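Reader: Please take me through the ring packing in this model up close. I'd like the cut-offs spelled out as you go, and a little context on the rest of the chain at the end.

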Amino acid sequence: MATAALTVGMAPAATAAPSIDGPALAKQLVNKVDGANVNRHLIALQRISDANGGRRAASTEGHKKSAEYVATKLEQAGFAVTRQEFPFTYAETVAEKLTVAGADVPIIIMSYSPSTPAGGITAPLAVVPVDDTSGCEAADYAGGVTGKIALIQRGGCSFAQKQATAAAAGAVGAIIYNNVPGPVNGTLSDPAAGKIPTGGITQADGQALATKAGASVTLDLRAFQEARTSYNVIAETKTGRKDNVVMLGSHLDSVIEGPGINDNGSGSAALLETALQLGSKAKVNNAVRFGWWSAEEFGLVGSTYYVNSLTFEQQLDIALYYNYDMIASPNTGYFAYDGDDSDGVGAGAGPYGSGELEKTLVDYLQNGKGVPVEGTDFTGRSDYGQFIAVGIPAGGLFTGAEGVKTAAQAAKWGGSANVPYDKCYHQKCDNLGNIDRVALDRNSDAVAWALGVYATSTENINGVPGGKAAKAKSLRAAERSKQRSLTASVHADDHHGAVAA
């Protein structure tokens, strides 16, 4: 029996909630950031996409025009703007087809997958046993996969590790099926990581194939790859201390298949409007830096390049990083990254301070907006990845991708149960009609609130105070520096005198 979607109807009104207390800057920004203005930026991105082949993917004209739209507005507002160019490998699908017993099974080639020969490869199907880390260890292939195409369930390790382990065991291809309803549209993250042709299929199709061990299957996966460049847009306020920077980021590029208005026009538009309302010369204790990353859809390339381009001291100058990726999914969920691992799921806690970053967003949405929030794991699927890797506290918001909303979630958030949060995830239909504007407005306010809180003080993150305490500390530090200079000058004069004698 088919599982019917449980429609709850319009989103329920937010639960009545008391006003939340916080810094004056946070309150001011929330009042200034208007959902209508955020939506206007989305309209701009849609029109840019429409005029440039229906896409805004890294290195395409659609992305360049999107980046210049953002950069120009920031420059006009007085921000110091940098366009940071970087190299990456562009990949575009040529063929993706899976045939089993004469029937086609929908499959999506993974980014940076090696290609099959034209016409594909035909081999027996090897079903890898299912456990929490299916296909991640060599022992999973003890049944023998040499010369076969391995069918592997998602989860437990990266797609790259699964196909590499399968290849080492002798497999000639890999099919990875989802561990939740819906398709798998993944990446191997790096062209060098690809060992065998690899594609993703739905959970239902994977479970059906798992009953057909030994069946002859034909896998035809081919992609065009080319060395290209793209660029990040980075902007920073002219005010605030530069050794305790509050950083926020969103990826601006779309997938090749569509305009990417939710993924991630939504996060990029909210970030842009928040920056414009903050202004380049805001009265902040801590400088605020914004990043619009490119080539996220090719494996977090732009943000990784940025973090790795910084020296250790420059990384230390970044107090925290907030990431906003897909914040207006049409069947929306309200998720904040689980910085303290209170959910006990997946990757574990973020660097010290990440739990407070989560709490700030959760408190605002739950206490300020009356919207219940759930945690979501740091899965490594967005641009917080390299910031976490070097120890920078991270947090952010997410409204769901290909995952499926539960009945309990539909009851508290509205929308439809047993339906993906974003049915147009990584597809052509991710357009202006694919946005929950209530979620867009609420989450844009949360972006503004958290920025205002930490531009004022990061004391609960790293012990660096704000306000009068910060100014006093800065004056003391300046005085100590002056005294050191005077002492050094006296010693230098004495030394020169001795030489002269």
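Author: Let's start inside: Phe88 and Phe298 are both buried, meaning under 20% relative accessible area, with exposed over 50% and partly exposed in between (1.4 Å probe, protein chains only). Before going further, the ground rules: this is a predicted model, where local features need pLDDT of at least 70 and side-chain atom pairs pLDDT 80 or more, while totals for chains, interfaces and linings use all residues. Numbering runs from 1 along each chain as its sequence is written, and side-chain values use heavy atoms, with hydrogens and water left out.

Now the rings. Searching the whole structure turns up 21 aromatic pairs (Phe, Tyr or six-membered Trp rings with centres within 6.5 Å; planes under 30 degrees apart are stacked, over 60 edge-to-face, the rest tilted). Phe88 and Phe298 make one of the tilted ones, with 5.2 Å from centre to centre and 55° between the planes. Phe88 sits in strand E2 (residues 80-100), whereas Phe298 is in the loop between strand E11 (286-293) and helix H7 (301-309), so this pair ties together parts that are 210 residues apart in sequence. Those labels are DSSP runs numbered from the N terminus: helices are H or I of at least four residues, strands E of at least two.

That pair has company. Phe88 and Phe298 belong to a cluster linked by ring pairs, together with Phe86, Tyr90, Tyr112 and Tyr305. One member of that cluster, Tyr90, also has a charge over its ring: the charged end of Arg228 is 3.7 Å from the ring centre (the test is NZ of Lys or CZ of Arg within 6 Å of the centre and within 35 degrees of the ring normal).

Back to pairs with Phe335 and Trp413, which meet edge-to-face, at 5.4 Å centre to centre and 75° between the planes. This pair links distant parts of the chain too: Phe335 is in strand E13 (residues 335-337) and Trp413 in helix H11 (residues 407-413), 78 residues apart. Phe335 counts as buried because its relative accessibility is 8%. Trp413 gets the same label because its value is 4%. Trp413 has a charge over its ring as well, with Lys412 lying over the face at 4.9 Å from the ring centre.

For a spot away from the rings, try Pro183, in the loop between strand E7 (173-177) and strand E8 (198-201). At a relative accessible area of 40%, Pro183 is partly exposed. Leaving aside residues up to four places away in sequence, Pro183 touches Ile108, Asn178, Ile201, Thr202 and Glu402, where touching means heavy atoms within 4.5 Å. Take Ile108 from that list: Ile108 and Pro183 are 75 residues apart along the chain, yet their C-alpha atoms are separated by 8.2 Å.

And the wider context you asked for. The chain has 14 helices and 16 strands, and of its 501 residues, 52% count as buried. Long-range links show up in the contact tally too: among contacts between residues at least 6 apart in sequence, 80% join residues at least 24 apart. The Phe88 and Phe298 pair, whose partners come from parts 210 residues apart, is a good place to start looking.
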